[in-house]
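This report describes the fold of one protein chain. It begins with ring contacts and then turns to the chain as a whole and one of its sheets.

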Amino acid sequence: MRLLSPFRMLCATLALAVLAGCSGETAYAPPRLYGPQGRAHSMLARVPRLANSIGNYSVNPGAGRHITSFNRCPAAGPIVYMSDFNFGVVNIYKVPFAGQQPCGAISGTLVNPQGLFVGKNHDLYVASSGTDNVQVFHRGASKPFNTYTDTINGAQFPGDVTVAKDGTVIASNLIQADYNEGGSISTWISGPHGGSFVGNFPMDNAFPGMFLTVQKDGTLYFDDVDSMTGEGPIWKGKCPLGACGAFTSTGAVAAFPGGLRSSDDQDVVQLDQTGLTLTTFESFPTGTSCSLSGESDPVGFDINRREHHVFIADANLNLGVELTYPGCVLIGRFPGNLGGAPVGIAKDYPEPL
């Protein structure tokens, strides 16, 4: 039996809450549902308080089982990180990926981790939406050495993170803590002790914010959910040293937006969670797509065009998936935690993207 997407219900509910907060109204109306059917889209931040109060969404079904940090992973060579929203853990996998159990796990400081990014010196950036911050880990470490926090309007719920060439740390937020605004971009100049916070830049275009990627020339792309249509347009702009300018539409739209990445040659690649496609844009708005026909709820992904591989986190199947790129032919799968919900995924390459 195919069910209506809990995430779309949640988005609609939260959109109503934001509108009510802005207007001073407190009445609740049933959420508008987008589309006849969907999957359990799992790209959401720590927003269960409102949703659970009206019975629309249950979060953290595995919260009663703790996964302890461990590391039996190689100190060098390619590894894959995959975040588990339900258990507050990032699993680590080594080559060969197909069928492998985790060689390590990072837990203890993360709550509802989502988007992941591997930057310089093989450092792992984690959007920990349940702790309202971005945590950074050295390879092989189980405790963060740095934390980036945006306290504008109380707190922001980060869903994804990336780092620009000039050292700017950039996070996309699904919603603000008091539901008084929709998605936004947070920026910091990287450095010790959380760096220097630059600013919070609202996404006036839609609600809520989703994934993002930044190019070598500093162009930032992000996708979000249009509160009227439920679709996922891609926007672009620049945030030199964290100071974001205006965001403009690329014209590209997904049925429901998933992960965004920049390939080695700086093409923008977007995952469509409902359309089950991976689309490469050499120019906008038209791209070339391959089908993810074997997946159920693909959310985040990572890619390296030189290696012709793509790695996808499938929240519904509770798997990491390795495919060829650009053909999307299955290479292998690796398991998540029993009862888990993988959302973000990132590969530590010999050289970061």
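Rings of Phe, Tyr and Trp (for Trp, the six-membered ring) count as a pair if their centres lie within 6.5 Å. By this rule the model, which is predicted, holds seven aromatic pairs. One aromatic cluster is formed by Y148, W188 and F197.

**The chain as a whole**

The secondary structure of the protein chain consists of two helices and 25 strands. The chain has 353 residues, and 59% of them count as buried. About 13,500 Å² of the protein chain is exposed, and 55% of this area comes from carbon and sulfur atoms. Of the contacts between residues at least 6 apart in sequence, 52% join residues at least 24 apart.

**One open sheet**

Five strands make up an open sheet with antiparallel pairing, in the order 1-4-3-2-25. Strand 1 and strand 25 stand at the edges; each has a single partner strand, so one side of each is left without a neighbour in the sheet.

Within this sheet order, strand 3 stands between strands 4 and 2. Strand 3 and strand 4 run antiparallel and are joined by four bridges. One residue pair can be named here: V90 has I106 in strand 4 as its bridge partner.

The residue ranges of four strands in the sheet are listed below.

| Strand | Residues |
|---|---|
| Strand 1 | 70-71 |
| Strand 3 | 89-94 |
| Strand 4 | 104-107 |
| Strand 25 | 342-348 |

How values were computed
Residues numbered from 1 in each chain as written. Predicted model: local features only at pLDDT ≥ 70, side-chain atom pairs only at ≥ 80, totals over all residues. Heavy atoms only, no water. Buried < 20%, exposed > 50% of the residue type's maximum accessible area, 1.4 Å probe, protein only. Contact = heavy atoms within 4.5 Å. Areas by Shrake-Rupley, 256 points an atom, 1.4 Å probe, with all protein chains shown as cover. Pairing = 2+ DSSP bridges. Phe/Tyr/Trp six-rings, centres within 6.5 Å; stacked < 30°, edge-to-face > 60°.
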